[in-house]
Amino acid sequence: MFSIIHRYIVREILFYFLIIHMLVMVLFATVDYLSNMDEFFAANISLVRAFYYVLLKLPMMTVQLSPAAFMIAVIAVFGIMNRHNELTALKGGGVSPGYIL
């Protein structure tokens, strides 16, 4: 069973992971579309087909970018907890840093 502290940390990490991951995926889709736009126009491909091409590449990029997004989310959560003195309160309450992780 997760303790209340662990549930809070996991919830925060998942929240920031989803935000960061969606931002990165939108950024990737935009850059990928814009970088291939000349090829789409040269091949006379419609806009819908071009978006479909980018959409089909998203699962591969999801697999490749998920670990980085998760690491950024963990760093962000612990940074925010440190800024709000939550880590100091936990340490003052007798919770070891190993337990928090």
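Helices here are DSSP runs of H or I, at least four residues each, numbered from the N terminus. With that in hand, take the junction just after α3: Asn85 adopts a positive phi of about 60° there. The model is predicted.

Now step back into α3 itself. This helix covers residues 47-83. A straight helix of 37 residues would span 54 Å at 1.5 Å a residue. The end C-alpha atoms of α3 span only 45 Å. Where does α3 bend? The bend falls at Leu65 and amounts to about 45°. A proline, Pro67, follows within four residues.

Compare α1, residues 4-35. Its 32 residues should span 46 Å at 1.5 Å a residue, and its end C-alpha atoms are 46 Å apart, so expectation and model agree.

Next, the buried faces. In α3, the buried residues are Ala50, Val54, Leu58, Met61, Ala69, Ala73, Val74, Val77, Phe78 and Met81. They pack against four helices: α1, α2 (37-42), α4 (86-92) and α5 (97-100). In α1, the buried set includes Ile9, Ile13, Phe17, Ile20, Met25 and Phe28. His6, His21, Asp32 and Tyr33 are buried in α1 too, as is Ala29. The buried residues of α1 pack against α2, α3 and α5.

One of those buried α1 residues, Asp32, brings in the next feature. How many salt bridges does a search of the whole structure find? It finds one. Lys57 pairs with Asp32, and their closest N and O atoms are 3.3 Å apart. The pair links distant parts of the chain: Lys57 sits in α3 and Asp32 in α1, 25 residues apart.

Are the two partners buried or exposed? Asp32 has a relative accessible area of 8%, so this residue counts as buried, the cut-off being under 20%. Lys57 has a relative accessible area of 23% and is therefore partly exposed.

Finally, turn to the surface. Which residues make a nonpolar patch there? Phe2, Val10 and Leu14 do, and the patch measures about 280 Å². Leu14 lies in α1. With a relative accessible area of 45%, Leu14 is partly exposed. Its sequence neighbour Ile13 is buried in α1. Helix α1 thus carries buried residues that pack against α2, α3 and α5, and Leu14 of the surface patch also belongs to this helix.

Note on methods:
Residues are numbered from 1 along each chain as its sequence is written. This is a predicted model: local features need pLDDT of at least 70, side-chain atom pairs count only at pLDDT 80 or more; totals for chains, interfaces and linings use all residues. Side-chain values use heavy atoms; hydrogens and water are left out. Helices (H or I, at least four residues) and strands (E, at least two) are DSSP runs, numbered from the N terminus. The expected span of a helix is 1.5 Å times one less than its number of residues. The bend at a residue is the angle between axes fitted to the seven residues ending there and the seven starting there. Buried means under 20% relative accessible area, exposed over 50%, partly exposed in between (1.4 Å probe, protein chains only). Contact means heavy atoms within 4.5 Å. A salt bridge is a side-chain nitrogen of Lys or Arg within 4 Å of a carboxyl oxygen of Asp or Glu. Patches are made of residues with over 30% relative accessible area and no salt bridge: like charges are joined within 9 Å, nonpolar side chains (Val, Leu, Ile, Met, Phe, Trp, Tyr) within 5 Å. Accessible areas come from the Shrake-Rupley method with a 1.4 Å probe; for residues, only the protein chains shown count as cover.
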